[in-house]
Amino acid sequence: MKALALVTLPALLALASCDIPTTGVVEAGGPASGIAPVTPVYFVHDGALVAVPRTTAMPGNAGDAVRLLLRGPTPGEQGKRLTTAIRVRPAPATPAPSVAPTERVTPSPSEPLWQPPTGGPTAEVRGDRLTLRLPPGTGPLSGLAARQVICTAAGAHRVTTPSTAPVTVAVIDGSGREVGGTDEGCPALAAG
């Protein structure tokens with residue numbers, strides 16, 4: 001028995017020295033996916049595009065990345081002189097029907113209920129080709145603004161679909177005007 005204890009003790013010490021936890025299974029979040037929940041969003045600094053990492057619940061989703069872009073730079077980023085060339089005009093306010101508090105309005109089938117303007121960018125993906133529709137009130141896009149959207153959409157696409165081929169993006173602004181381009185020449189996200 002004493003010999004068994006002498007053999008067991010060094011084995012336990014060896015295991016302890018290998019940093020093997022003695023607590024058993026430790027739950028520490030969801031399974032690893034291999035994709036960081038970060039997407040590059042492109043702003044302007046001194047007339048040039050700069051990639052800024054943004055945390056997102058949907059890495060790889062071009063529409064979500066452009067939604068983050070349309071929010072503009074954060075106050076901290078503005079302090080670093082980051083701006084945007086994208087102009088977003090607020091959609092014209094549609095007045096709600098005036099109804100006395102005791103009245104109940106039932107719309108007819110031909111009259112939809114009034115709803116405030118909603119919507120965000122949407123993206124259609126076919127391989128390395130994206131078609132991105134911006135919400136009403138966005139645009140018209142200058143050349144620099146179009147590059148912001150193209151680089152942001154393509155950068156998000158590359159998060160989950162790496163490729164050596166250029167990503168082609170067609171952008172339809174809020175007025176229906178279409179511009180397009182590729183991600184060739186888009187600056188990389190700086191390692192940080």
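Cys151 and Cys186 form a disulfide, with their sulfur atoms 1.9 Å apart. The model in which this link appears is predicted. Two topics are set out below: the disulfide and helix α2.

**The disulfide**

- The structure holds 1 disulfide by the sulfur–sulfur distance rule, which requires a pair of cysteine sulfur atoms within 2.5 Å.
- The link of Cys151 and Cys186 is left-handed, with -80 degrees about the S-S bond.
- Cys151 belongs to helix α4, whereas Cys186 sits in the segment after β6 (178–182), so the pair ties together parts that are 35 residues apart in sequence.
- Both cysteines, Cys151 and Cys186, are buried.

**Helix α2: burial and packing**

- Helix α2 spans residues 62–70, and 7 of its 9 residues are buried, so the helix is largely enclosed by the rest of the structure.
- The buried residues of α2 are Ala62, Gly63, Asp64, Ala65, Val66, Leu68 and Leu69.
- These buried residues pack against four strands, namely β1 (38–45), β2 (48–55), β3 (122–126) and β4 (129–133), and against helix α4 (143–160).
- Helix α4 thus appears in both topics: the buried residues of α2 pack against α4, and Cys151 of the disulfide lies in α4.

**Helix α2: its two ends**

- At the start of α2, a side-chain oxygen of Asn61 comes to within 3.0 Å of the backbone nitrogen of Gly63.
- Gly63, the residue that Asn61 approaches in this way, is itself one of the buried residues of α2.
- Gly72 follows α2 and has a positive phi, near 85 degrees.

How values were computed
Residues are numbered from 1 along each chain as its sequence is written. This is a predicted model: local features need pLDDT of at least 70, side-chain atom pairs count only at pLDDT 80 or more; totals for chains, interfaces and linings use all residues. Side-chain values use heavy atoms; hydrogens and water are left out. Buried means under 20% relative accessible area, exposed over 50%, partly exposed in between (1.4 Å probe, protein chains only). Contact means heavy atoms within 4.5 Å. A polar contact is a pair of N or O atoms within 3.5 Å; within protein, one must be able to donate a hydrogen and the other to accept it, and residues adjacent in sequence count only if both atoms are side-chain atoms.
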